[in-house]
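Subject: Structure handover

Dear colleague,

Here is the structure I said I would pass on. Please look through it alongside the notes underneath.

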Amino acid sequence: MTLGAGFRYLMSSVARNDAASRTSDPLTAYHSAQGTPPGRFLGNGLAGLDGGRGVRSGAVVTEENLWRMLGMLQDPMTGEQLGRSPGAAVRRCSEPDEHSSKWGRNSKTVAGFDLTFSAPKSVSVAWALAGPDMRGSIRRAHEEALQFVIRYAEREVFSTRTGRGGVVSQDVLGVVAAAFEHWDSRAGDPQLHTHVVILNRVQAASDGAWRTLDSKALFRAAVGLSELYNGVLADLLTADLRVGWEPQRRRRSAEPKWELAGVPATVQRKFSQRSDQIEQAKERLVSAFAAANGRQPTVTEVLKLRQQATLDSRPDKHVTSLAELVSGWRQRAVPDVGVEQQAWVNGLAGRNEQPLLTAGDLAGEILADTADRVLDNVAARRSTFTRPNLFAEALRQIAGVRFATPRERVVVADKVTRLAAERAVRLSPEDVDLELLPETLRRSDGTSRLRPRDAVKYSSRPIVEAEQRLLEAGRSVHGPAVDERVVAAAVGRALPGGEVLSSEQAAAVTSVATSGRRLDVLVGPAGTGKSTTMGGVRAVWEAAFGRGSVVGLAPSAAAAEVLADAVGIPTENTTKWLVELARLPDKRDRLAELTRRLRAASPSLRARALRQEAHRLADDLARFTPRPGQLLIVDEASMAGTLELDQITTAALSVGAKILLVGDWAQLSPVAAGGAFKLLATDRDAPPELHDVRRFRHEWERTASLKLRAGRPTAVEDYVRHGRVVGGDRSAILDDLFEAWRADRAAGRTTLMTAIDAQTVRELNSRARAHRVALGEVAVTGVALADGVTIGVGDVVVTRLNQRDLSSGAPGNEGAEWVKNGDQWVVTKIHPDGALHVRRPRGGRVATLPAAYVRDHVELGYATTAHRAQGRTVDTAHAYVTTSTSREPLYVMATRGREANHLYVDVITDPDPATAHQDPEPTSPEAVLRTVLARSSSDLSATETRVLEEEAAASTTRLQSEGAAVIEARRMERGARLVRAPNEESASARRLSGRGLFRADDVGRGCAN
C-alpha cells in the first residue's frame, strides 16, 4: 500500500455510525449497524506507540489514526514521525506530476502491507446462513486464527535490516497493525474476511529504533501464512463445533481445497457466481440498447451499461447492514438449502470423527515420510526453493489432520520442514566460523544475522544430478553428426513444403547437424522461423541417416501436433513417450511370448487376435525405442521439466542417438521444475540461434518484440508510439479489449484474447459467448460445466485433458486422432445426457465427448491463458496486462499476432479482486509495463542459482558491509563492558561516551548507535 493512497478503501470501515453505540448488546450492534465494523488495532508493536505508553489491542482505529499511519508513516496517536521521514515522497503524494491529471498519484513509498485473511467459501456460506450463536462462533474462530498467525509472524517472519546496505537482519518487537473486517466479496457474495494492514515501520529488537519492514521476508512467507490460517481456522472450528472437513478437487490444480463437510460444492458455487451474473446482466442491457437504437453501443456506452448492471445487481455495500445482507443471501439460498437454513447450518456440527492430535501423537516415521513427500512435491515444481516453500507445503500435507491447538500444528509443520531441509541440497554457501561472530550478530538458534531469515536457497538431489548429466551431455562432441558436404547439398534445396532456408537458418542447421554434440540446442525468439529451421534439420539428417531417422517430442500433446504438422515427423508428448519407454521391456517380453504361441497356433479367430496384438506391440517398439543415429527433436523445450529432459536424454544417449532442444528461454517456463534449457543454452559461447524475426508485418514490431524479450524499457515507448497500448481500469479496458476482438472477428481476421489468470480468461469467454448468443450464432441453452458456465451449439470450446480413447477423425473416421489438451472445437450437437458432438474449426474432424468429460474438462475457447497461447500464431492478438504480469508471459502474449498485437494495461490492478472494496490509486500504463518488464518469472536452474549465491556472498560490497557490521558490533560490546566495569574503567567509559563513540543508554541493546 503506497504512501497516502492505499488507505482510502478502508475508510468505510472506520466507525462513523451511531446505530452501534445506541445499543448495549454488541451482537445486536454487529448485525444492525450500517456498514462494516470499525477497524481495530492489533500487534505487539502497539506497545511502542503514544510516546511509549502504548495502544490497547482492539482499540478502534479512527480516520485520523489511519491517515497518520498510511498517509504520513507517523505514530497514529501522537503524529510523531516513526523512523526516517519519507520527505520528498510525502510531497510527491500531494503534488501533481506528468501523469497525475490522468492517472493519479505515483508515490513509490510503501506505507504498509495488506494481508487479507479470507475464510474458505464453505465457512463463509455457513456463517452467512447461520443463526446468531453459530455465526458468532465462526466469527470468533476467524478472528482468533488471524491473530494467531500475526503472532507467529511476529516471532518467525517479520524483521528489519540494519547496517550498511541493510546487511544485518534484526528481529522486531512486534508490528503495528489495523484489522478491518468485511462480510462480502466485491461481487456481493458472502465472504467473511479481514484486511490486516501492517504498518511499514517496526521497532528493531536490538535497539528499539523504528525502521522499515523487510518486505522480502514477508513475501517469501506469504503463502505459508495463508496455509497456516486455513489450518488453524479448521482446528478452532472443529474444537468448538466438532465440524468435519473434506477435500474438494480444484478445477485447475492437483492440490485439494479443504471445505466444511456437508456444504456441497454446488452451494459454494451458488455464492461464487455474482461476477458472472453482472456480466450477463450487462450483455442483456447491450442487446436491449442495440435493439432500441439500431446499432451496437460505443465503448463508453458499454462501460456505462456495465456500471448500471453492477448497481442493478446489488445495493451499495457501504450502506448495508449485515442483517440486510443476510436477508438477501437467505433468499438466494432457498432453492439449494431450503427455508430452514439455520437448522441446516446447525446440522454441520458434530460431524468430526477424527481425534484432535498433539505433536507427540505423531511418530518419527510419520514425520519423516511426510518430510519426504514435502521435499518431493516442492522439488517437482521448483528447481530451487527456500524454507518458506517447504513450510507451506508441510502445512498442505497436514491440512487434513485436526490438532488440539494451533500451537501443535505449528510444532508439527516446523519439524517436518526441518527434516525436509536436511534432506535437500543447500545451494547458498554455508555460514562458516559462526562462533567468531559477535553475539549480537547471532540469532538464538545460532544462525548468522548477516543472512536474512529463511533466505537460504535449496534444491533436490535429483535435480542437481540431472542438471550435471545434461551439462555433460551438452559438452560432449562424440555423438552422431552429418558430413559437411551432405549438409551443404541439403540446405541448398527447397524443403518438402517449398520453403527455402535463409542464410541464418542454414547456418543454424549446419551447426546442429555437424557439431557432433550429443545434446544440442537451437534458440529462437518468437517469430524467427524455428519450425522452418527444424524442417531443414530433418532434411539434412534424413539425407545422412535415412527416412524416419527424425522423431519429435513436445511438452504437450497440442504442441506435439503442431510440430508434426510443421516438420512432417512422427511426434509425441514427452510424458507419453517416457511412459511408453518404461513399458518397452514388458512389451518385448509379451511380443516374444506371442511369437512363440503363434508359431504353434493353427488358423483361428484366437490366432488372428494374437497376431493383431503382436503387430501393435511391434509398432510400439519401433515407435518408442531409440536407436543409433536417431535425432530426437524436443520442441518448446523451455517448457519441459528438467527431470523429463534428463530422462529423455539419458535414454537417447544410451543407444547413440542425438537430442536437439528447440525453444526460447525468454518465453514461459514449465509447470514442473525447469531452467535446464537456459542452463544448456548459456553454457556455450555461441549456440545455434536465430535472430531475424519474420512473423510480424510491421518492421518496427520486429525490433520492439526483441526489446520486450530482453526486458528493455524502451520497448514500451515503441508500443505506445504506434498506438498499441490502452490503459484504464479493469472494467474499461476489458470492454476495450473485447470490442477490438469482436471487430477483428467481424472483419474475418483470426484473433485471440489472452490473459495470465484463469478468472479473466473465464470472464472474456463469458462475454464472447453472450455476444454470440445475442447475434443468434450460439444457442442460449446448453450444458452446464463444472464451473457453472453454460455452453451451447455453436460455441467454440477447448478440451483440457488428454484422452486417447476418444478419437476424432473426418467423416468415416479417416485419419483418426485422439482428443488432446488444448484442442479447439465447435459444438455441433448436445446429447440429452450432456455429451457433446464437436468438430475441429479446420479440417472437419469430429468427435463425441462424454458427459463426464464435458463437465470437468471442457471450457469455452474464445480466450486463453498465456501458457496455452505459446506456440500459436493468429492475425491479431489482444492481451490483458496487470502489475502482476511478468516479462515472459507479456512477451508471449505480445507476439502471437502477425498483423497487430495490442496491450490492454490495467492501471489500477487489484491483486485480490474478490475481497477488495475499492480500486487502488491508478498509475500510468507506461509505468505498469516498465514494472512488468523489470520482473522475470523465468526458472533458474540449481546450477545457475548456486553460482549466483556464491558470487553474491563473495562480492566486495557485501564483504565490506559485513566487515563494517562486525567492527561496529565489537565496538559496542567493548563499550558495554567498560560501562559495567569497576571504578577505574567507568571513568574511561564516561570519557568514550562524552566523545560520542556510544551512548550509555544504548549499551546492552547490542547494536550500533
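The notes below go from the whole chain to single sheets, cores and residues.

Please keep in mind that this is a predicted model.

Overall. The protein chain has 1009 residues, and 52% of them count as buried. It contains 35 helices and 31 strands. Among contacts between residues at least 6 apart in sequence, 72% join residues at least 24 apart. The chain exposes about 43,400 Å², of which carbon and sulfur atoms supply 51%.

The five-stranded sheet. One open sheet is built from five strands with parallel pairing, in the order E13-E17-E16-E14-E15. Its edges are strand E13 (519-523) and strand E15 (571-573); each has a single partner strand, so one side of each is left without a neighbour in the sheet. From one strand to the next, the twist averages 25 degrees. At the E15 edge, strand E14 (residues 550-554) pairs with E15 in the parallel sense over three bridges, and alanine 554 stands opposite asparagine 573 of E15. Helix H23 (residues 642-653) packs on this sheet and touches E13, E14, strand E16 (631-634) and strand E17 (658-663). The direction of H23 makes about 150 degrees with that of E17.

Nonpolar cores. In soluble globular proteins, nonpolar side chains tend to be buried together. The largest nonpolar core here has 85 residues. Which residues have the most contacts inside it? They are Ile138, Phe158, Val196, Ile198, Leu237 and Trp329. Helix H7 (residues 215-241) contributes the largest share of this core, 11 residues. Leaving out residues up to four places away in sequence, valine 196 touches ten residues spread along the chain, including Leu42, Phe113, Leu146, Ile150 and Ala177. Another core, of 36 residues, lies apart from the largest one; Leu470, Ala614, Leu617 and Ala651 are among its members.

Strand E31 and its partners. Strand E31 (residues 897-906) is mostly covered, with eight of its 10 residues buried. Strand E18 (residues 725-728) pairs with E31 in the parallel sense over four bridges; here valine 726 has tyrosine 904 as its bridge partner. Strand E30 (residues 874-881) also runs parallel to E31 and is joined to it by seven bridges, with valine 874 partnered by glycine 897. Between E30 and E31 the chain passes through helix H31 (residues 887-893), and this β-α-β crossover is right-handed.

A hairpin. Strand E3 (residues 159-162) and strand E4 (residues 168-171) run antiparallel and are joined by four bridges. Serine 159 has aspartate 171 in E4 as its bridge partner. The two strands form a hairpin with five residues between them, and glycine 163 in the turn has a positive phi of about 80 degrees.

Glutamate 777. This residue lies in the loop between helix H28 (758-774) and strand E20 (783-784). Is glutamate 777 buried or exposed? Neither label applies: glutamate 777 is partly exposed, because its relative accessible area is 36% and that class lies between the 20% limit for buried and the 50% limit for exposed. Leaving aside neighbours within four places in sequence, glutamate 777 is in contact with Arg745, Arg772, Val793 and Gly794. The C-alpha atoms of glutamate 777 and aspartate 795 are separated by 8.2 Å, with the two residues 18 apart along the chain.

Regards

Conventions:
Residues are numbered from 1 along each chain as its sequence is written. This is a predicted model: local features need pLDDT of at least 70, side-chain atom pairs count only at pLDDT 80 or more; totals for chains, interfaces and linings use all residues. Side-chain values use heavy atoms; hydrogens and water are left out. Buried means under 20% relative accessible area, exposed over 50%, partly exposed in between (1.4 Å probe, protein chains only). Contact means heavy atoms within 4.5 Å. Accessible areas come from the Shrake-Rupley method with a 1.4 Å probe; for residues, only the protein chains shown count as cover. Two strands pair if DSSP finds at least two bridges between them. Axes are lines fitted to C-alpha atoms, for helices over the stretch in contact, and angles run from 0 to 180 degrees between N-to-C directions. A nonpolar core is a set of buried Ala, Val, Leu, Ile, Met, Phe, Trp, Tyr and Cys residues joined through side-chain atoms within 4.5 Å. A crossover is right-handed if, with the strands pointing away from the viewer, the path from the first strand over the helix to the second runs clockwise.
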